[in-house]
Every structure is written in structure tokens, then in C-alpha cells.
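Work through the exercises below with the sequence and the model side by side, and try each task before reading its solution.

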Amino acid sequence: MSYTYPHQHLLGIEDLSKDDINNILSKCEEYVELNRQKDKKRPILKGRTLINLFFEDSTRTRTSFELAGKRLGADVINMNVKSMAISKGETLIDTASTINAMHPDFISVRHSESGAAMLLAEKVKCKVINAGDGWHEHPTQALLDALTIKRRCEKDFKDMTVAICGDVMHSRVARSNILLLKKMGAKVRLIAPPTLMPIAIESYGVETYTSLEEGIKDVDVIMMLRIQQERMSGNFFPSEREYFYLYGLTYEKLELAKENVFVMHPGPINRGLEISSDLADDINKSVILDQVEMGVAVRQAILDLMA
Ligand code: NCD
């Protein structure tokens, strides 16, 4: 493969071309294979340092960056800033200058403010990977979702329809996925209650639905989103019971979709709110754990290509 990653950072899907996405996804395949072997090390980042700078909680994303860095031989430091500097009043810029002085080679950053990754990238000398900034973008999630879809669905992206359902408004996962899927030529439908549908989202070239039953008809993939309570001020739906009744995915509603449709969720799942527990755990229908597996390979591929 004679592809060179042409960017200094990975801040969003917005900056990637279709060619970048295709090349990253092919690179991932090598790591999916490697991660299934007994010896998972390929020490191409020996001597380099990766700092995982997380200002928000995370299980999957942080762990997979850590595993990816370690399997590539880097020294990996996890900084959970919520419990450290920020509680002492240190700003993002101060934290950035402090970390920069330690000469890391990569920083993966998660922050509650949109634009935080870009701000950090301006202040440090190393390469920055956005691990989720506010409502804005979560590029490695969209890449791992694309890898999961590509490996599971026989169709090309351009012949596919993907439904993204739930709290679209507060979701960086939705935004990055919309950008990626549109770049790859897929059709995208958004399904949400009117209160959780972003204004003027149709300008992204998506179709919008307020009915889950209608929205999932004839789609190839259903991507459920978490209700992001921590980003909500006030009530966006009357009750959890009503939300599940209207927008929770169950076997009964899935009957209305195509037979070979499959279900995704970035996690963490609120069982019985976005999706019924039995469906979430059904490995014939749900690829939630495949997404977790692909997450490690994607972060290895990104670190590899950026190095
Ligand atoms: C997502 C996130 O944090 O943006 N989770 C993840 O990275 N696996 C989605 C979410 O929290 O709902």
C-alpha cells in the first residue's frame, strides 16, 4: 500500500477525503488480523509516547487507544483530567502547554467542548487525535463504525441506506457518521423525536423521520444512539417509558425492517431505553461487540498511518 496520510492531525471526518477513508479502512484489516493472533505486538511506535488526555469519562475509547498504543510498542500515559488538574482550575491551554513540555508524539483528546481538539492541536507540537469533542465530532468512532459495516454488509457504501436513530442533536457520533457515510456515497436517514433533531440538518443531504417504524423500512443498517443526558439541559421527551415505546428498538419493531438488517450502538447502552436488552445481546442481529473489536484496529491503523 503506497498511501501516506496527508494530514498532521485527525480532528474530524470533515478533513478526510474518500480516498483517505478507503486507505484507513484497508489498513485496519491488517490490524483486525493481528489482534486475533496470540502475539499482538508490532512495535512500530517503539520509543514514542501517546498521551490519552480525557476530560470526560470513557471506557471503550480510552481503553482501545491504550491497547492500540501498547500493541504498537509506544509508551502510553492515561490522564483522566476530570479528577486532576481541571478540578484545581487548570485550563485546557495550561494543560496543553504542560503536556507539550513533556514531548509526547501523539495526544488523543476527549473533551466536553466542541472545538477543544482543534484548540489543543494549535497549542502543541505533536499529532492530535480527536477522541470526541462535545457535540462536534468523534472521527475514530465513525471509522470503526464504517469498518464494522464494510465487513458485515455485502453491498458497497453507495448502494446502502443507513438509519441513525435517537438523540441525534447531542451526538458527535451521529455527526461524524453522517459526514463519513455521505462521503462514501451512502444514503443516510435520521430518526429522532422533533426535539432531538438538529435544526437544518437536511443541508447535510440526509432524510429525516420522526417515526422509527417508517424510518427503518428498507434500510441496511440501523445505528442506535445513546440518550446523552449529561448534555441535556431540561427535558427533551416526556418520560423514559414513552421514549422507549416510540424510539426504543425491539424485535417487534425490527420486524418492519429488512430481514438481513443489523443493529449498531456506539455504547454505552442504556438497556430498555434505546434498545431492548435481548436484541442488544443477540449476536445474529447486533454487532455492538464487533464495533468494540474494530475500535482497537482503527486506532492502531490511525497511529500507524500518522506515524
Ligand atoms: C460515544 C461518545 O462518547 O461520544 N461513545 C463512545 O465513544 N463509545 C457515544 C456516547 O457516549 O453516547
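**Exercise 1. Find how strand 3 and strand 4 are joined, and place them in their sheet.**

Solution. Begin with strand 3 (residues 106-111), which runs parallel to strand 4 and is joined to it by 5 bridges; strands are DSSP runs of E with at least two residues, helices are runs of H or I with at least four, and both are numbered from the N terminus. Two strands count as paired if DSSP finds at least two bridges between them. One point to locate is Ile 107, whose bridge partner in strand 4 is Val 128. Helix 4 (residues 116-123) packs on this sheet and touches strand 1 (49-54), strand 3 and strand 4, where contact means heavy atoms within 4.5 Å. The direction of helix 4 makes about 160° with that of strand 4; axes are lines fitted to C-alpha atoms, for helices over the stretch in contact, and angles between N-to-C directions run from 0 to 180 degrees.

Next, widen the view: 4 strands form an open sheet in the order 2-1-3-4, with parallel pairing. Strand 2 (75-80) and strand 4 (127-133) are at the edges with a single partner strand each, so one side of each has no neighbour in the sheet. From one strand to the next, the twist averages 15°.

The model is predicted, so local features need pLDDT of at least 70 and side-chain atom pairs count only at pLDDT 80 or more, while totals for chains, interfaces and linings use all residues. Residues are numbered from 1 along each chain as its sequence is written, and side-chain values use heavy atoms, with hydrogens and water left out.

**Exercise 2. Describe the surroundings of strand 1: are its faces buried or exposed?**

Solution. Take the two faces in turn: Thr 49, Ile 51 and Leu 53 on one side, and Leu 50, Asn 52 and Phe 54 on the other, are all buried, that is, under 20% relative accessible area with a 1.4 Å probe and protein chains only. In a regular strand the side chains alternate between the two faces of the sheet.

Then look at the partners. Strand 1 is joined to strand 2 by 6 bridges in a parallel run, and Asn 52 stands opposite Asn 78 in strand 2. Between these two strands the chain passes through helix 2 (residues 60-71), in a β-α-β crossover that is right-handed, meaning that, with the strands pointing away from the viewer, the path from the first strand over the helix to the second runs clockwise. With strand 3, strand 1 pairs in the parallel sense over 5 bridges, and there Ile 51 stands opposite Ile 107.

**Exercise 3. Locate Asp 145 and state which residues it is in contact with, leaving aside its neighbours within four places in sequence.**

Solution. Asp 145 lies in helix 5 (residues 139-152), and it is buried, with a relative accessible area of 1%. Its contacts beyond those neighbours are Val 173, Asn 177, Met 223, Met 264 and Gln 291. Of these, Val 173 is 28 residues away along the chain, and its C-alpha atom is separated from that of Asp 145 by 9.5 Å.

Another of the contacts, Met 223, can be followed into a second sheet: in strand 8 (residues 221-224), Met 223 stands opposite Ile 164. Strand 8 pairs with strand 5 (residues 161-165) in the parallel sense over 4 bridges.

Notes:
Buried < 20%, exposed > 50% of the residue type's maximum accessible area, 1.4 Å probe, protein only.
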